[in-house]
Amino acid sequence: MGFCQLNKLQELDLSSNLFQGILPPCLNNFSSLRLLELSGNLFSGNIPSPLLHNLTSLECIDLSYNQFEGSFPFSSFANISKLQVVSLGSETNKFEVETEHPVGWVPLFQLKVLKLFNCKLAGDVPGFLQYQFKLMVVELSHNKLTGSFPNWLLENNPGLEFLLLKNNSLMGQLLPLRIHTHIVLLDVSYNQLNGQLHGNVGHMIPNIVSLILANNNFEGSLPSSIAEISFLQVLDLSANNLSGEIPKKLLAAKYLEILRLSDNKFHGEIFTRDFNLNWLTYLYLDNNQFTGTLSKVISRSPWLQALDVRNNYMSGEIPSWIGNMTDLGILMLGNNNFKGKLPPEISQLSRLKILDVSQNHLSGYLSSLKDIQYLKHLQLEGNMFTGLIPRDFLNSSKILTLDMRDNRLFGSIPNSISGLSELRILSLRGNLLSGFIPNHLCNLTQISLMDLSSNSFSGSIPRCFGHIRFGDLKKDDNVFGQVIYSDNTRKYLTAYAGYLVKYLWLEITENEEKYEVVFGTKNGRYSYVGGILNVMSGLDLSCNNLTGEIPHELGMLRSIHALNLSRNQLKGPIPKSFSNLSQIESLDLSYNELSGEIPPELVELNFLEVFSVAHNNLSGRVPDMKAQFGTFGESSYQDNSFLCGPLLKRKCNTSIEYSSYSPPESSRESEAKWYDIDYDVFFASSAASYIMILLGFATILYINPYWRRRWFYLIEEGIYSCYYFAVDTPSKLLAYLYN
């Protein structure tokens with residue numbers, strides 16, 4: 001029997017498969033169908049409105065997470081009186097749900113669950129919801145809704161448990177609510193709500209489990225009533241303008257698991273004797289004004305997996321007992337005033353994935369971290385660490401970022417670094433490292449950013465650098481900006497119960513990995529955070545003592561965005577292979593001893609924004625001022641006395657003016673002088689040189705009396721010689737003639 005002949009079918013669940021194509025038109029014949037669950041497939045095309053007209057028995061429909069396109073009128077459901085669950089939504093931006101056509105339509109159904117996420121809803125909250133009084137779940141996230149927060153939605157639906165309005169454009173204040181005892185999850189993050197949080201907000205929603213108000217414009221202090229919510233598990237107030245101290249009762253909330261207060265203006269000490277969050281797993285306090293030390297009260301949270309106190313005013317030493325917090329996966333202490341040594345006990349945190357102690361006042365020698373097997377990001381930059389990099393420093397096959405710039409490390413790069421096979425970012429800038437750049441760095445084939453600048457490396461640039469990926473990644477090779485956690489509410493909802501049962505789990509919050517990497521490009525140093533690191537690539541070897549020629553193999557780095565070899569002692573020509581750097585945006589070869597011509601083929605670099613070969617010994621004609629080279633000024637070629645061209649106001653010999661790809665016509669033309677002599681300048685420079693030599697000679701005689709006497713004796717001897725020559729010569733000549 002074919003699928004379309006199952007016209008007595010009551011429940012159809014094909015979710016989470018790989019079905020594709022359009023919806024079969026014969027679904028219209030399934031008049032007994034109560035459950036239609038097709039979510040998580042690859043269905044495409046439009047959702048035809050007539051398809052639903054005969055599905056009069058339908059109670060639950062879920063078409064979310066497919067690839068539908070076009071517009072779908074929600075009023076198509078208007079006459080399906082038994083309908084209770086509707087879930088429509090797409091991860092693409094090609095699907096739209098029209099809720100206001102025809103104007104003033106009134107539904108016959110009473111929904112329990114409505115999910116319309118990423119459906120291009122615009123304007124006010126859909127009007128048909130004014131007629132709904134049994135709602136338990138409403139998700140309208142990732143749309144373009146405007147207006148004020150819909151208090152009426154909670155008042156009309158006393159059984160509402162989940163309300164998600166994330167990522168819209170709701171404005172105004174979060175007005176006082178009537179007491180609502182059923183609400184479990186409220187997410188209005190990423191909107192434009194403002195004003196102060198009402199003092200009794202905690203009393204109005206006494207049983208809420210997850211309260212997410214992040215990324216709005218709330219201001220003022222944090223109401224103490226929030227701390228009185230009995231079953232609060234998730235509180236996210238990040239990215240607002242809240243200030244003041246944290247209520248002491250909140251620091252002892254019995255069931256709190258996730259606390260995010262990032263990016264506000266909170267101040268005061270938080271790790272005091274009042275801190276007693278026994279079930280806490282994620283604590284984000286970054287980008288505030290907190291003070292104090294890492295007190296041992298933190299150990300009262302034995303399940304803590306993430307501790308982020310970056311960009312505050314915390315001080316003291318990093319305690320050794322931190323090594324006992326064995327569940328820690330994220331420890332971010334950057335940009336504070338911590339001092340002392342990095343305790344070796346940190347190596348006991350075997351589950352650690354991110355360690356950031358950057359921009360503090362830490363000092364001393366580095367100890368081995370080889371026992372941290374899952375470490376992905378290590379940031380030690382901006383401290384005063386000294387000594388050698390330990391030979392057995394790291395042993396994690398998963399590490400992606402190693403940032404040790406701006407310390408006082410010396411010696412060479414240990415061989416163990418080459419064993420970090422997945423490393424994408426290596427920054428050793430601004431240390432005292434020396435010796436040759438080791439060839440074993442070429443084993444880091446996945447690297448995209450390498451910064452070895454401002455050290456004392458010598459020798460030549462390894463030719464094998466041309467075989468490193470430097471940004472040549474696969475489309476699905478996204479390792480930065482991933483989700484750290486994605487949790488679900490502890491209470492699930494039974495959305496449909498028949499022969500099949502449909503449970504509804506709602507995502508409550510998520511947090512991306514946010515770590516910062518600074519890299520020099522385009523005449524400046526820029527910070528890159530999160531997902532942008534997946535596409536950024538560059539190599540910086542500037543400010544060292546490198547010698548020899550630039551390897552032509554570097555021209556194989558077709559995906560690199562920034563290449564800086566400036567301020568070294570490199571000689572020889574600029575490789576013509578650099579014309580293959582098709583994605584290059586910044587190329588700096590200045591302050592070297594390069595010679596020869598600038599390859600005219602470089603004008604093919606269509607993305608080049610910054611170019612400098614200043615302060616070298618280059619000669620010949622500068623590249624034609626077309627494409628990107630039309631945007632570069634005289635400063636790009638400064639202090640190359642033998643370069644010529646209209647941009648530099650130096651004429652080139654017309655016999656060899658040729659286009660970018662025209663070879664010399666004959667050997668005679670290639671040997672012709674490419675310059676014209678300016679005789680005024682020639683005579684002026686000669687006269688100035690003569691005067692300078694004369695003044696220098698007189699200065700030496702004035703300073704040194706011995707040489708002065710010797711000079712006078714020489715002059716005197718010369719005068720006498722000339723005198724006797726003038727007197728004796730005529731007499732001797734006459735005597736010779738007469739004899």
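Is Phe 19 buried, exposed or partly exposed? In this predicted model, Phe 19 has a relative accessible area of 38% and is therefore partly exposed, lying between the limits of 20% and 50%. By the ring-centre criterion, the count of aromatic pairs comes to 17, and one of them is formed by Phe 19 and Phe 43, which are stacked at 6.4 Å centre to centre with 10 degrees between the planes. This pair links distant parts of the chain, since Phe 19 belongs to the loop between strand E1 (11-13) and strand E2 (20-21), while Phe 43 lies in strand E4 (residues 42-45), 24 residues apart. Phe 43, with a relative accessible area of 6%, is buried.

A stacked pair is also formed by Phe 74 and Phe 128, at 4.8 Å centre to centre and with 20 degrees between the planes. Here too distant parts of the chain are linked, with Phe 74 in the loop between strand E7 (70-73) and E8 and Phe 128 in the loop between strand E11 (122-123) and strand E12 (137-139), 54 residues apart. Both Phe 74 and Phe 128 are buried, and they belong to one aromatic cluster together with Phe 72, Phe 77, Trp 105 and Phe 109.

Phe 74 recurs in the largest nonpolar core, which holds 172 residues and in which Phe 74, Phe 77, Phe 271, Ile 346 and Phe 465 touch the most other members. Elements that give two or more residues to this core include strand E8 (85-89), strand E9 (95-98) and helix H1 (151-156). Apart from it lies another core, of 9 residues, among them Leu 35, Val 113, Leu 164 and Leu 185. When residues up to four places away in sequence are not counted, Ile 346 touches Ile 318, Ile 322, Leu 331, Leu 352, Leu 355, Leu 369 and Ile 372.

An open sheet comprises 8 strands with parallel pairing, in the order E27-E29-E31-E33-E35-E37-E39-E47, and its edge strands, E27 (315-317) and E47 (545-546), each pair on one side only. Strand E29 pairs in the parallel sense with E27 over 3 bridges and with strand E31 (residues 361-365) over 2 bridges. Lys 339 of E29 stands opposite Glu 317 and has His 361 as its bridge partner in E31. Along E29 (residues 337-340) the side chains alternate, in that Phe 338 and Gly 340 point to one face and are buried, whereas Asn 337 and Lys 339 point to the other and are not.

Charged ends also sit over aromatic rings: that of Arg 260 over Tyr 284, 5.4 Å from the ring centre, and that of Arg 567 over Tyr 591, 3.9 Å from the ring centre.

Terms used
Residues are numbered from 1 along each chain as its sequence is written. This is a predicted model: local features need pLDDT of at least 70, side-chain atom pairs count only at pLDDT 80 or more; totals for chains, interfaces and linings use all residues. Side-chain values use heavy atoms; hydrogens and water are left out. Two strands pair if DSSP finds at least two bridges between them. Helices (H or I, at least four residues) and strands (E, at least two) are DSSP runs, numbered from the N terminus. Buried means under 20% relative accessible area, exposed over 50%, partly exposed in between (1.4 Å probe, protein chains only). A nonpolar core is a set of buried Ala, Val, Leu, Ile, Met, Phe, Trp, Tyr and Cys residues joined through side-chain atoms within 4.5 Å. Contact means heavy atoms within 4.5 Å. Rings of Phe, Tyr and Trp (its six-membered ring) pair if their centres lie within 6.5 Å; planes under 30 degrees apart count as stacked, over 60 as edge-to-face and the rest as tilted. A charge sits over a ring if NZ of Lys or CZ of Arg is within 6 Å of the ring centre and within 35 degrees of the ring normal.
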